[in-house]
Amino acid sequence: MTKRGVRFECSLLAGLALTGLALTPSATATEKVAISIDASKAGVQINRNIFGQFAEHLGHGIYDGIWVGPDSTIPNTRGIRNDVVAALKAIKVPNVRWPGGCFADEYHWRKGVGIQRSVSLNPNWGGVTETNTFGTHEFMDFVDQIGSDAYVSINVGSGTPQEAAEWLEYMTTAQPTTLEKERAANGHPAPYKISMLGIGNESWDCGGNMTPEYYLSQMKIYSRFVRNFNPAQQDKEQMLKIAVGPGGDEPRWTDWTETVMKAYQQHTWSWDITGLSMHSYTVGHWPPSYASVGFGETEYSQILKYTLEMDALISKHSAIMDKYDPQKRVALIIDEWGAWYAPLPGSNPGFLVQQNTLRDAILAALNLNIFARHADRVRGANIAQMINVLQAMIVTDKEKMVLSPTYYIFKMYVPFQDSTFLPVQFNSGTYSHGGISLPRVDAIAAEDKDGKLWVAFTNLDPNEAVEIELNVTGVTAKSTSGETLTASKVDSTNSFDAPNIVVPKPISAKAQGGKLTLKLDPKSVSVVSVE
Ligand code: AHR
């Protein structure tokens, strides 16, 4: 069977389990699942950029979350919180998307450079004032401090090609232009590296309500004139140019992907794209109404059902891309994903504040697994959002900081960054509740750069443990070591007062006859290495 065939089989089984129509008998009453990995059938690389983050000027995502200013009593380096930097370094964030989001299409970069910063407004998010104290240099400093790359979204909605082109010249040229001198005078003589460039954001909605045809004509202009001049990025490490793509499953987004990709197939020397963005939140219904905490098994299973729809959505838009780009030159970048719930009572609804629970950790693992299975096309993703907003990794309040359950999933999955996908075969079994049937178990496997084998397991069932029998073809497995994340309730969470409720704990397996058996706790995510 081809590698792609095996991957397809896994997602087909998951799909069938969703409809309660598993082809083979589902996991038995003892909840035993046999998983086999063929280590000789290495697939594509799982691009580390699928573990990207998104930091928008929204609520306390930037101000207080990252930026406290150099005069703050909160320990900081040039105004950037030291505690947040240390936490993000530990999860090896590959790229950070900034400044938005909807904010990006109203952002004018000049307001955020130099000594004098203009105070403007943030009409999208609470109508608050924007001090612009966190601008280009501060963002680049932050990215540098956490050891990450910059993914910059340019303003197509209310800006001009000239404004965006000058911003890129300001950031990237090494030639002695006026903008280069201004950058140097503002503290950074060397050109900045921009790994990824978003040409607009949700241009079908908050980015200007454009038709696909209108966006396409704009995008071609920006693609032509917005250049990265960094000498180190001309041949190697070229900047990805990412066009706005679909925002869901409606026909208008099918049309959008068709329009952009059809044009791409016929593109000429004068414009190009190397990425297409996709946004898909796990929300249930708009406006977001699911509670982020204080829920039970019914809401747990419903949200996980919604989140698993990501797989079909990627397949649908990948198929359109395959039609016009069979060589898969254009990456699909899921640059906004994650859970979007009702705002926490008492919070500013424009700040998108929600709680982060064990359910979100499981949701994150399931999505990362989906991205890994589509790694041939999905080569980037950015969870929304990094700090204090939506499905955040980190929550801060003045000098306090706490790491969310989702943070720990990103930490446990670090070995999968730039690893090689390995096909996994298993019968997921079925977990059912209130008329919803979901796969009981999900799993992915990969080989890291040192040849070490890693497996991630999720037990979606909140009531029953699962016993895994793991067989790696061609490998006599002797031991495993790793970590598991679970807690007593589906809505267990970490707080400033109790930060260690949902934290990873060691997990081990028994080796017998070259196979490994390990027990997955109910509602848990485990990542192990196999020796
Ligand atoms: O992440 C919050 C918002 O969701 C972003 O600004 C926008 O792109 C999307 O609608």
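Reader: Which oxygen contact does the side chain of Asn201 make with the ligand?

Author: A polar contact here is a pair of N or O atoms within 3.5 Å; within protein, one must be able to donate a hydrogen and the other to accept it, and residues adjacent in sequence count only if both atoms are side-chain atoms. In this case an N or O atom in the side chain of Asn201 is 3.0 Å from an oxygen atom of the ligand. Glu336 also offers a polar side-chain atom, 2.7 Å from a ligand oxygen, while Cys102 uses a backbone N or O atom at 2.9 Å from an oxygen of the ligand.

The model is predicted: local features need pLDDT of at least 70, side-chain atom pairs count only at pLDDT 80 or more, and totals for chains, interfaces and linings use all residues. Residues are numbered from 1 along each chain as its sequence is written, and side-chain values use heavy atoms, with hydrogens and water left out.

Reader: How much of the ligand's accessible area does the protein cover?

Author: Accessible areas come from the Shrake-Rupley method with a 1.4 Å probe; for residues, only the protein chains shown count as cover. On its own the ligand has 280 Å² of accessible area, and the protein covers 94% of this.

Reader: Which residues come nearest to the ligand?

Author: A residue is near if one of its heavy atoms lies within 4 Å. There are 13 residues around the ligand, and Glu56, Cys102, Glu202, Tyr281 and Glu336 come nearest.

Reader: How should the strand order of the open sheet be read?

Author: Strands of a sheet pair through backbone hydrogen bonds, either parallel or antiparallel. Strands are DSSP runs of E, at least two residues, and helices are runs of H or I, at least four, numbered from the N terminus; two strands pair if DSSP finds at least two bridges between them. Here seven strands form an open sheet in the order β2-β17-β21-β22-β28-β24-β25, with antiparallel pairing. At its edges are β2 (45–46) and β25 (505–508), each pairing on one side only. Within the sheet, β21 (residues 441–447) and β22 (residues 453–459) run antiparallel and are joined by seven bridges. Asp442 has Thr458 in β22 as its bridge partner.

Reader: Which peptide bonds are cis?

Author: Most residues other than glycine have a negative phi, and most peptide bonds are trans. The bond from Trp98 to Pro99 is cis, with omega near 5°, and Pro99 is in the loop between β6 and β7. The bond from Trp286 to Pro287 is also cis, with omega near -5°; Pro287 is in the loop between β12 (275–282) and α8 (297–324).

Reader: What is the phi of Glu237?

Author: Glu237 has a phi near 50°, a positive value in a residue other than glycine. Glu237 is in the loop between α6 (212–225) and β11 (240–243).
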